[in-house]
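Student: Could we go through some side-chain contacts in this protein, setting each value against the definition behind its name?

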Amino acid sequence: MVHVSVAMDGIGNTMQKKAAELERLAEVLITGEQLRLRLHEGKVIKDRRHHLRTYPNCFVAKELIDWLIEHKEASDRDTAIRMMQKLLDQSIIHHVCDEHREFKDMKLFYRFRKDDGTFPLDSEAKVFMRGQRIYEKLMNTESNLLQSREEEGGTFERTLVASEFIDWLLQEGEMATREEAEQLGRRLLEHGIIQHVTNKHHFVDGSLLFQFRMNFRRRRRLIELIYERGRCILENHDSPFCLRKQNSDGGNTSFLSVSPTKEIRVVVGVRRSSMSSSCGSSGYYSSSPTLSSSPPVLCNPKSVLKRQVSPEELQTPGGPFMKKTFTIVGDAVGWGFVVRGSKPCHIQAVDPGGPAAAAGMKVCQFVVSVNGLSVLSHDYRTVSNLILTGPRTIVMEVMEEV
């Protein structure tokens, strides 16, 4: 089989834009499904009677809002209503009689459409549902399909060989023919669910290596649903973005390592993680752990680097750089650092109260590898995405000037 090599630029900006839109859809679908399973486990969803009629697998809106606040998913009832309205707008939940298009804090019955078979499975949603099922199957299988492998001089964790993945899809009855299985692989890639390990190839039936880009098991916070992603701001690798924290009392607890320029935008949101790949920005969504805190501020500071170095310079024996390894366990709001730049990336800012600072990370360090994967030839978007879609505990190798 001849491998068809396609550079990511060759795949096209349209595909990348589409993948970003589909990723936002996936976040809503996955978050809704995780909530549904938790509510079933907590017996919040159950059969209920009203006026001599039984409504199976439903929940009471008022009781659900109580549950969201009790489980720290919402800070107040208005926030909880907005969260659930998002799920209702996306046709993930609905009123049992479809009499209310708004989610109301009342003793009304609502139900997840997946529980009554009315979920509108369009082609996009079907791909994500399929991808999630395949992901769970692979994670639970005892086969050695997912392994650490080498390609182009780098070692990559939890990789799939395309041809072996197709063999597995056929054995599991997921697809009937190799051609159909290859088409499924291409759709999974185009929807941002899998990717080639170096982002240089589309999915083909052969020996190329691929990884799951989307971690379906990462617990999504419901609060993320109600905050729209900010508009992208054009930047270059030497002009990174950071966020600085503000206390609810107005005190400044900034951890920016450089002074901001005059261009400042307010971002309304809670930090999903300290690494952000949305809109090409890798700043902090770093309000305090309480959901009612003041919003952070997005700034456009200059790079912390005095000069850019090359991967070859970093790896020169006897050079002025020393390698360090950090094991960073993410907390409820992320890992606590910002990575910027390209080939190699560098640490732009570190939250002094975050996990990265506790592990010893500092600004100006160059990122060598993430979880055993060499990233010296990647830009910050790829590195950020690798961290966001990986496990909560990350092992990072960096180089710092002696």
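**Side-chain contacts and their definitions**

Tutor: Let us begin with a pair of residues: both R36 and D115 are buried, where buried means under 20% relative accessible area, exposed means over 50%, and partly exposed lies in between, with a 1.4 Å probe and protein chains only. This is a predicted model, in which local features need pLDDT of at least 70 and side-chain atom pairs count only at pLDDT 80 or more, while totals for chains, interfaces and linings use all residues. Residues are numbered from 1 along each chain as its sequence is written, and side-chain values use heavy atoms, with hydrogens and water left out.

Student: What makes the contact of R36 with D115 a salt bridge?

Tutor: A salt bridge is a side-chain nitrogen of Lys or Arg within 4 Å of a carboxyl oxygen of Asp or Glu; the closest N and O atoms of R36 and D115 are 2.6 Å apart, and the pair therefore qualifies. R36 belongs to helix α2 (residues 13-41) and D115 to helix α5 (residues 113-116), so the bridge ties together parts 79 residues apart in sequence. Helices (H or I, at least four residues) and strands (E, at least two) are DSSP runs, numbered from the N terminus. By the salt-bridge rule, the count comes to 19.

Student: Why is R130 called partly exposed, and why does E174 count as buried?

Tutor: R130 has a relative accessible area of 22%, which falls between the two cut-offs, so R130 is partly exposed. E174, at 9% relative accessibility, is under the lower cut-off and therefore counts as buried. These two residues form a salt bridge, with the closest N and O atoms 3.1 Å apart, and together with R133, K137 and E172 they are linked in a network of salt bridges.

Student: How do you know that the aromatic pairs, of which there are 10, include Y55 and F109, and what makes that pair edge-to-face?

Tutor: Rings of Phe, Tyr and Trp (its six-membered ring) pair if their centres lie within 6.5 Å, and planes under 30 degrees apart count as stacked, over 60 as edge-to-face and the rest as tilted. Y55 and F109 are 5.6 Å centre to centre with 75 degrees between the planes, so they form a pair and the pair is edge-to-face. This pair links strand β2 (residues 53-60), which holds Y55, with strand β4, which holds F109, 54 residues apart.
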